[in-house]
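Reader: I'm new to this structure and would like a close look at a single part of it. Could you take the place where two helices pack together, and then walk me outward from there?

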Amino acid sequence: MPGIKRLLIVVDMQRDFVDGALGSAAAQAIVPAVGALVSGADEVVYTQDTHGGDYLETHEGKLLPVPHCIRGTAGWGIVPQLFRRGARVFEKGTFGSVPLAEYAAGYGEITLCGVCTDICVVSNALLIRAFAPEASVRVVAGACAGTSPEAHQAALLTMKSCQIEII
């Protein structure tokens with residue numbers, strides 16, 4: 001539809017989640033699909049999971065004792081072939097980002113992709129739904145990867161039940 005502002009949000013497509021500390025074959029498999037979305041998007045923003053050297057002392061670190069996405073490390077970086085130069089990056093120290101949701105609320109169509117479907121994608125999609133109740137919020141299932149196939153499917157069902165379109 002002409003006149004609708006469209007935004008693509010690439011969630012946490014960082015080296016540690018693709019082929020690093022918490023990488024998976026499922027995350028590696030979606031890189032081409034995410035790349036295709038990035039190349040066809042008018043505007044792209046990224047989230048970047050960001051932790052400090054004290055990660056293991058944090059609440060998350062105690063529950064998931066695998067250091068990852070430590071600021072300044074190679075694993076913290078967004079997968080290079082997916083990054084659009086000059087794009088805005090929202091660093092986040094937890095699953096969802098309120099500043100991202102506030103930013104996305106200025107758009108009529110918001111599409112999300114990335115990892116992990118059942119943690120950060122669902123958290124951000126639900127925040128955006130709350131901040132932009134009249135926007136079309138969509139998640140591209142084939143450009144997302146979860147912590148397991150079952151968790152991926154469960155997150156998609158949760159988002160669908162909250163009026164997020166799954167494409």
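Author: Happy to. Before the helices, a word on how their packing is described: an axis here is a line fitted to C-alpha atoms, for helices over the stretch in contact, and the angle between two axes runs from 0 to 180 degrees between N-to-C directions. Also keep in mind that what you're looking at is a predicted model.

Now the pair itself. Helix H5 covers residues 117–131 and helix H6 covers residues 149–161; their axes sit 9 Å apart, at an angle of about 15°. Angles under 35 degrees count as roughly parallel, so that's the label H5 and H6 get relative to each other. As for handedness, H5 passes H6 in a right-handed crossing.

Who actually meets whom? On the H5 side you have Thr117, Asp118, Val121, Val122 and Ala125, and on the H6 side Ala151, His152, Ala155, Leu156, Thr158 and Met159. Sort the residues of that contact by character and you get 7 nonpolar, 3 polar and 1 charged.

Let's step back along the chain from H5. In the loop between strand S4 (109–115) and H5 you'll find Cys116. There's something to spot here: the peptide bond that joins Val115 and Cys116 is cis, with omega about -25°.

Strand S4 itself is worth a stop, and Cys113 is a good place to make it, as this residue lies in S4. Cys113 counts as buried because its relative accessibility is 0%. Setting aside neighbours within four places in sequence, Cys113 is in contact with Leu8, Ile9, Val10, Val11, Val34, Leu37, Val121, Ala143 and Cys144. Pick out Val121 in that list: you've met Val121 already, among the H5 residues that meet H6.

Another name on that list, Val10, takes us to strand S1, where Val10 lies. Cys113 and Val10 are 103 residues apart in sequence, yet 5.2 Å apart in space, C-alpha to C-alpha. Val10 has a relative accessible area of 1%, so it's buried. Not counting residues up to four places away in sequence, Val10 touches Val34, Val38, Val44, Val45, Tyr46, Thr47 and Cys113. Val34 turns up for Cys113 and for Val10. If you'd like one more distance from here, the C-alpha atoms of Val10 and Phe83 are separated by 9.2 Å, with their positions 73 residues apart along the chain.

Follow S1 (6–11) out towards helix H1 (15–18) and you come to a loop that holds Asp12. Asp12 isn't a glycine, but its phi is positive, near 50°. With a relative accessible area of 0%, Asp12 is buried. Gln14 is in the loop between S1 and H1 as well, and it's buried because its relative accessible area is 0%. The side chain of Gln14 reaches the backbone nitrogen of Asp49, at 2.7 Å. Beyond its neighbours within four places in sequence, Gln14 has quite a list of contacts: Thr47, Gln48, Asp49, Cys69, Gly75, Trp76, Gly77, Ile78 and Val79.

Cys69 on that list gives us a link to His51, whose contacts outside four places in sequence are Glu60, His68, Cys69, Ile70, Arg71 and Gly93. You'll find His51 in the loop between strand S2 (44–49) and helix H3 (59–63). Its relative accessibility is 8%, so His51 counts as buried. One of its contacts is a polar one: the side chains of His51 and His68 are joined at 3.4 Å.

The loop between S2 and H3 also holds Glu57. Glu57 has a relative accessibility of 62%, so this one counts as exposed. From Glu57 to Gln153 is 96 residues in sequence and 31 Å in space, C-alpha to C-alpha.

That brings us back to the H6 end of things. Just look in the loop between H6 and strand S6 (165–166), where Gln163 lies. Gln163 has a positive phi of about 65° although it is not a glycine. Asp12 had a positive phi too, but Asp12 is buried, whereas Gln163 counts as exposed because its relative accessibility is 65%.

Methods:
Residues are numbered from 1 along each chain as its sequence is written. This is a predicted model: local features need pLDDT of at least 70, side-chain atom pairs count only at pLDDT 80 or more; totals for chains, interfaces and linings use all residues. Side-chain values use heavy atoms; hydrogens and water are left out. Helices (H or I, at least four residues) and strands (E, at least two) are DSSP runs, numbered from the N terminus. Buried means under 20% relative accessible area, exposed over 50%, partly exposed in between (1.4 Å probe, protein chains only). A polar contact is a pair of N or O atoms within 3.5 Å; within protein, one must be able to donate a hydrogen and the other to accept it, and residues adjacent in sequence count only if both atoms are side-chain atoms. Contact means heavy atoms within 4.5 Å. Angles under 35 degrees count as roughly parallel, over 145 as roughly antiparallel, 65 to 115 as roughly perpendicular and the rest as oblique. A crossing is left-handed if the near helix is turned anticlockwise from the far one by less than a right angle, and right-handed if clockwise. Ala, Val, Leu, Ile, Met, Phe, Trp, Tyr, Cys and Pro count as nonpolar, Asp, Glu, Lys and Arg as charged, and the others, Gly among them, as polar.
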